[in-house]
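This report describes one protein chain for a reader who has not seen it before. The sequence and the model come first, and the description follows.

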Amino acid sequence: MKMKKATKKEISEIKDILVREYNDAVTELNYKNLYELLVSVMLSAQCTDKRVNIITPNLFEKYPTVKELANADIDELKEIIKSCSFFNNKAKNLIKMAQSVMKNFNGNIPLNEKELMSLAGVGQKTANVVMIEYAGKNLMAVDTHVFRVAHRLGLSDASTAIKTEEDLTKKFKTDLHILHQGLVLFGRYICTAKNPKCETMCFLKKFCKTKESFKAK
């Protein structure tokens, strides 16, 4: 199916509306500092923010800083995060990430993409989400919600999250940190995968190209 693309005028209008609606939006993950944010974002991959927020109080009580996490017993960590998807892999990556921060960055989590992505379990999306949330960087990150909304609105027809990120960055250019949070929340609560709230809640209805539920490859 060849999907209709959003025009320059539509892109501009979509951007203005999202920036207006979500100007003060922040992540729904609970965190107090950069360490807690990074751990929460790593846990949130293919897991809901709600679930992560249930797990992290116990996690941060036992491992309050990156130093304690670097010395964590993997079985004890797995026990704490076992209700999270892919907890075995995430436990390994969390400890490796913390060890790398201690060894290579003097215990300080870096705040640039290349250095963040050198840490175990931190891909481009995770790095961007952390920098968007913590430093307000002009970056885009594409999760399942952003991917779906971008395709439904004709902002991208790319088959992968990374290519979709490139499309959105190129088309929106500025205010990307606001637009990222806006697209996440819009997709999570209004433009949902099943039964989107088109008639009752959607303020972007006139720009919609399809109700198809898109998933990144």
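What radius of gyration does the chain have, and what would a compact globule of 217 residues have? The chain has 18 Å, which agrees with the value near 17 Å for a compact globule of 217 residues. The radius of gyration is taken over C-alpha atoms, and the globule rule is 2.2 Å times the number of residues to the power 0.38.

This is a predicted model, in which local features need pLDDT of at least 70 and side-chain atom pairs count only at pLDDT 80 or more, while totals for chains, interfaces and linings use all residues. Residues are numbered from 1 along each chain as its sequence is written, and side-chain values use heavy atoms, with hydrogens and water left out.

**Overall fold**

The chain holds 11 helices and 0 strands. Helices (H or I, at least four residues) and strands (E, at least two) are DSSP runs, numbered from the N terminus. Along the principal axes, the C-alpha atoms fill a box of roughly 55 × 30 × 30 Å. Of the 217 residues, 48% are buried; buried means under 20% relative accessible area, exposed over 50%, and partly exposed in between, with a 1.4 Å probe and protein chains only. Among contacts (heavy atoms within 4.5 Å) between residues at least 6 apart in sequence, 61% join residues at least 24 apart.

**The largest pocket**

The largest pocket has a volume of about 1300 Å³. On a 1 Å grid over the protein atoms alone, a pocket is an open set of points where a 1.4 Å probe fits, with protein on both sides within 12 Å along at least five of seven lines; lining residues have an atom within 4 Å of a point. Grid points are joined across faces, edges and corners, and the volume is the space filled by probe spheres set on the points. The lining has 47 residues, and those closest to the centre of the pocket are S44, A45, Q46, K125 and D143. Helix 11 gives the largest share of the lining, 7 residues. The table sorts the lining by class.

| Class in the lining | Residues |
|---|---|
| nonpolar | 19 residues |
| polar | 18 residues |
| charged | 10 residues |

Here Ala, Val, Leu, Ile, Met, Phe, Trp, Tyr, Cys and Pro count as nonpolar, Asp, Glu, Lys and Arg as charged, and the others, Gly among them, as polar.

S44 sits in the loop between helix 2 and helix 3. S44 is buried because its relative accessible area is 17%. Not counting residues up to four places away in sequence, S44 touches L29, D49 and V52.

**Helix 9 and T164**

D143 caps the N-terminal end of helix 9, with a side-chain oxygen 3.0 Å from the backbone nitrogen of H145. In helix 9, 8 of the 9 residues are buried, among them H145, F147 and H151. Helix 10 and helix 11 are included in what covers these buried residues. After helix 9 comes G154, whose phi is positive, near 70 degrees.

T164 belongs to helix 10. T164 counts as buried because its relative accessibility is 0%. Its neighbours within four places in sequence aside, T164 is in contact with V142, F147, A150, H151, S156 and A158. The side chain of T164 also reaches the backbone oxygen of T160 at 2.8 Å.

How values were computed. Polar contact = N/O pair within 3.5 Å; in protein donor to acceptor, adjacent residues only side chain to side chain.
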